[in-house]
Amino acid sequence: MSRLNPQSGERIDRTKTISFTFDGKKVEAYEGDTIGSALYAAGRRTFGRSFKYHRRRGLMCVAGQCPNCICAVDGVGGGGVRACIEPVREGITVTHVNAAPSLEFDAMRATDIAGGPFTPPGFYYKTFIRPRRLWPLYEKILRNAAGLGKLRRSQPEREWRTEYRRRHADVLVTGGGVAGLAAALAAARLGADVVLADEGAEPGGQQLIESERQGLAALVADVRDAGVEIIDKGSALGYFDGLVAVWQRDTLHQVRAGRHVFATGVIEQPLVFAGNDLPGVMLAGGARRLVSLYAVSPGRRAVVATTSDRGLHAAQALRAAGVQIVAVADLRPETGALAQQLRSEGIPVFSGHTVIEARGSKAVEEAIIQPVVGGSEHAFECDLVVVSGGTIPASSLLLQAGARSAYDAGRGHFAVSELPANVFAAGEVAGADTDLAAAASGELAGLRAAHALGLGDDTSAAREAELASSLAEPAAPDLAVAPPVSGSGRGKCFACLCEDVTAKDVHLSIEEGYDSIELAKRYTTVTMGPCQGRMCQLPSVRLMAQETGQGLEQVGVTTARPPWVSVPMGILGGRPVEPAKRSSIHERHRALKATIKWAGDWRRAYDYGDPEGEALNVNRAAGLIDVSTLGKLIVRGADAGEFLDRLYPNRFSNLKPGRIRYGVISSDAGRIVDDGTICRIDEDSFYVTTTSSGAGAMEEWFSWWLADWGDRVNLTDVTQGVGAVNLAGPRAREIMAAVTDLDCSNEAFAYLDGKQAQIAGVQCLILRIGFVGEVGYEIHFPAAYGQHIWDALMEAGAPLGLRPFGLEPQRILRLQKLHILVGQDTDSESTPFGAAMPWIVKLDKEQDFIGKWALEHYSQHGAGVALVGFTMPNGDVPTEGAVVLDAQGTPAGQVTSSRHSPVLDRTIGMAWVPEAFAEDGAQITISDEGRTLTAEIQTKPFYDPEGEVLRS
Amino acid sequence: MSLDFLRVDAGEAVAHSPMEAPARVAGARFEVRDGWNVAVEFGLGGTGSGAQVSWADVSHLAKVELQGSADAIGELPFGTAVRRDEAWWCRLTQTRALVIGRRPELADADDLNVVDVTCNFAALTLVGPLARETFARFCALDLRPQVTPVAALRPGSIGRQPGLVIREDEDRYLFLFGWATGEYMWSVVADAAGHLGGGPIGVDALREVAAAHA
Amino acid sequence: MSFLLECPNCGVREVTDFGFGGEVSARPKSRPSFRELNTYNYFRRNVAGVQREWWFHRSGCRAWFIAERDTTTNDVKFTALPGSGDPGGEAAKAAPEAGGDLL
């Protein structure tokens, strides 16, 4: 155990012990530990194996930033779980990823040792392309080698509850360090509704690594008292036009705020040198977090390499915790005040030096430092190399919000240079390096956000001005810019730990011509791993600049895209609910054990177990189908008739009240969009039905033209409010007689008449239409009476052989009549002329109508193809979508519908064929999944071709 | 002919809500009231046994759409529902308004169409201190009190479906959605409210809650 | 894409509340040539900048309205009901007549 004496501010509770297992071995921890801190305390140094070379990797950032400690908890893991920040819980099972058979002995390590020719960038593109026949084998091997962790196989194992939560706020502060807390407090005190999202286990940010936390607890208390909602352990995933998605445990908070403050801090950078990935090479911040939060000593003897005071502060803190600092390599040529102090305390500080190599077999055993301008190297025996290679602003979210960045030569990184409106930056991400400056810049951002919302007063305005002037001229940063790479030639120098990309790989990719940052990124996959560029973007840009001789400004950076942290897909998916529409009769279909399937956004009775039998029963006796899904629009007003005349190619203004007419909607391109029947209710009112799938689109189409034309027409969509059933068959009339007083004789209630009458005591609209080809009554009623009407009809019809029929038998029945289904038999190229409905286009109509000009054109220029019926002599039923061939064997059309007709006992279908074939008796060739079939054209309906049954 | 076939009249036939099936599964006891089969109570009854959020099916509320000139519709503000004659009067557009709760004494006129749309919209009342948090699970509308005061009217997407919310009281929201989406919406609300410890209540309990507020 | 739009009737809503009706283009007032007709039917200006377009408040009041939006930033300049005398900016003037400049 390398647990230290109690540290002030440590997060662990030494009175509560917790145990869990890692790779089957029991590990003791304290409450407040992370998996990483507990394992480190127990002496573990290797936490995972690297992606490509399977090299040992140990804790480095201790902040969930780098990829080194990715693991799986209770079988769930991969990129999403970082041991260093994942809290321990009693009894969890933690396992390593990406090493087999074990973490200590990993067979794939051979890729690193054999190395060289097998593993340059793009090696799989180069290696696994031939011989081609071996690809299935390669694929199997690559699939096993790729990825971190394993997906659970079964669905229940993979499911857990996640949910969305929408939060509206005046101000969202992202980042809960000193700056973010100050910003939240300032804005909330002026009356803003503020949310603060912080990814840490507790707010405080960088302050938490200090042993003295000046007033942090009081600040956090003030923030809570001011009414700020703190989303702790909440990682901001991305900025989407003013909405920030914050992932907290099982909830995705979608925070929509009027103003945004980003106080996201900076990310400490590693140094690129030989062996810089060895366990024991740790960032200064990481080493300090181990000490101050978890009271874990990161090592016994340390070499520190730094580019600024960060490393020197770390040296002091580690020494205070009992770590022997054997050498500090400070890249800055001048020895500063802090370095002097360290020397006076007996710590050897080497100014102008940097680390060039870390050596060791399983972990660091020795570090070598050297002056950057040349000179002799010094080797130090050690078990810890603390590095601090500068920082980069964590500006991804700001950039997504529209901020711009520019290379800041003084800081050696890309700094935020320009902010969009309503977005503010505070703290280190905005260049406020000290705690004092961070607090001031946070308060300033909070005030600005509140003022932008119209809050505040003269006092707060004065305070804003005061803070702005105090921050106007920040002190020049005291740091040296790290070299792109040190000690190359001594071993692998990693620029990217996630994807195992070395400095040499970047060099190679440029040699091969991938000489822009975007190309090199895609070729080498640098910045594309789980760290999302946190650790590797700046190093790779520096290497690119060095290799190409450009400035960093010219090289530029790759685009920052969401998500900013690795997130499980389930979090993004939210609750697994699919909006479903159901008819008011749905319970009856369920009780009848109907096959229920999706039809558009409806759940529909597809059949009741016997589609052909159900269809046959309609032809022989009577059937009842639920057609509540039909689109239904009420078009009312003085201009209603004229409005429909302008929307449809045929005429409705001359339709008599109580009569029905079929209509096809065409676009201005003359293409069929939808169809349905229209019944005139009275002088000013029409009842329009549309296809089920087109209901929504037709309402929008109608109201769009209405908005443009401004007719005196009111439109009401009653699709969901009105239920409908179609009662059809030779016995339908008798059944009607049992449920209504209405005279349903053919004389009194003829084909295409619409009547209003009571059915089983409910006022209904009854349309006599014949989609399925038999005498039929389409009954429309308030949806709340669906079950009542259904029950009444089924009861009355039972003695007469009435059976329910579903969607599939309806498709058979309508096909027998060659009634088209828009979208099934037509597509975006179909015109009424091609679809054999020239009669529906009234080009002699006096007024303009949608599609008129195009239809005039097609009336003269033929469509080239025609929609016709066909039969198959040998009983084959071709697949819908099978290809129709012309005389030369070239594809010239397709089968759109095909079924076996039970009443005719033969194959019937519809197909688009070349116009020359569109005549009765013509033979066409159909190519259907390798089979060649012959079909005979029939242009008239297969069943009741003259419509005598329908009109009887 | 007329549009009478749209009207739900309290005749002999019994009208059913589209959420009857899930309500039955959840233990509802039904009574026929004014021609509607209404879920009057669940399980032990009472006001949802002190749950922080409860919901009640109120799809039986009459709904009427008024369409016509702004004059014919009369003075109605945008964004606020006006309580008049035991109904919420809601302006949707310049030329359309929705009356929820009771059928108004209005007849078709030259410049006004009155259409019964009772069955166009199913309706739920969500009540309790966590009602707003429940909405936040399936609705992007900003229902914070400073933005959505009592009587505010908010047409917008609810559970990924077209809808409309009226904040009837401090912790009480009435919302409407398509009739055919009833079962779906029940499942969405039950999932969200259930996770926050809530459950369904009958219309009688809802009345008690209202009385407690008054 | 997650920007906000202000429905002239209902107020500010998420863009997902709305249906997009495409850029505003005028239907020919009289019989176009075949070429003009096809331009009107099939060609769009596809502006990178401020575009005048139709939107439909599908999840709310179900009304169509006009918006002017910068297609490169999703910054919505204004929304208005058709015919309500909207402040029609440069994009309104540029709206093509019968395909106009696309021919």
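Here are some notes on the predicted model above, set out as numbered points.

1. A word on conventions. This is a predicted model, in which local features need pLDDT of at least 70 and side-chain atom pairs count only at pLDDT 80 or more, while totals for chains, interfaces and linings use all residues. Residues are numbered from 1 along each chain as its sequence is written, and chains are lettered from A and ligands numbered from 1 in the order in which they are written.

2. Let us start where chains A and B meet. Chain A puts 44 residues into this contact and chain B puts in 41 residues; two residues are in contact if their C-beta atoms, placed from the backbone, lie within 7 Å. On the side of chain B that touches chain A, the elements giving two or more residues are β1 (15-16), β5 (62-68), β9 (112-116) and α4 (182-195) of chain B. Of these, α4(B) gives the most, with five residues. Helices (H or I, at least four residues) and strands (E, at least two) are DSSP runs, numbered from the N terminus.

3. That side of chain B is made up of 20 nonpolar, eleven polar and ten charged residues. Here Ala, Val, Leu, Ile, Met, Phe, Trp, Tyr, Cys and Pro count as nonpolar, Asp, Glu, Lys and Arg as charged, and the others, Gly among them, as polar.

4. Now for the interior. The largest nonpolar core holds 195 residues, and those with the most contacts inside it are A:Val635, A:Phe686, A:Val725, A:Leu727, A:Ile779, A:Ile789 and B:Phe175. The largest share of this core, seven residues, comes from α4(B). A nonpolar core is a set of buried Ala, Val, Leu, Ile, Met, Phe, Trp, Tyr and Cys residues joined through C-beta atoms within 7 Å. A residue is buried if 20 or more other C-beta atoms lie within 10 Å of its own, exposed if 12 or fewer, and partly exposed in between, with C-beta atoms placed from the backbone.

5. A:Phe686 deserves a look: leaving out residues up to four places away in sequence, A:Phe686 touches A:Val635, A:Ala640, A:Leu644, A:Phe652, A:Ile678, A:Cys679, A:Arg680 and A:Ile681. A second, separate core of 176 residues includes A:Ile70, A:Ala295, A:Val349 and A:Val364.

6. Helix α12 (residues 435-452) of chain A passes a simple length check: its 18 residues should span 26 Å at 1.5 Å a residue, and its end C-alpha atoms are 25 Å apart, which agrees. The expected span is 1.5 Å times one less than the number of residues. Since 15 of the 18 residues of α12(A) are buried, this helix is largely enclosed by the rest of the structure. After α12(A) comes A:Gly454, with a positive phi near 85 degrees.

7. In chain A, the antiparallel strands β24 (residues 404-408) and β25 (residues 413-418) are joined by five bridges; two strands pair if DSSP finds at least two bridges between them. A:Ala406 has A:Ala415 as its bridge partner in β25(A). Four residues lie between the strands of this hairpin, where A:Gly412 takes a positive phi near 70 degrees.

8. Chain B has an open sheet of three strands in the order β1-β3-β2, with mixed pairing. Its β1 and β2 (28-33) stand at the edges with a single partner strand each, so one side of each is left without a neighbour in the sheet. Six bridges pair β2(B) with β3 (residues 36-42) of chain B in the antiparallel sense.

9. Finally, chain C has two helices and six strands, following the pattern β-β-β-α-β-β-β-α along the sequence. Of its 103 residues, 34% count as buried.
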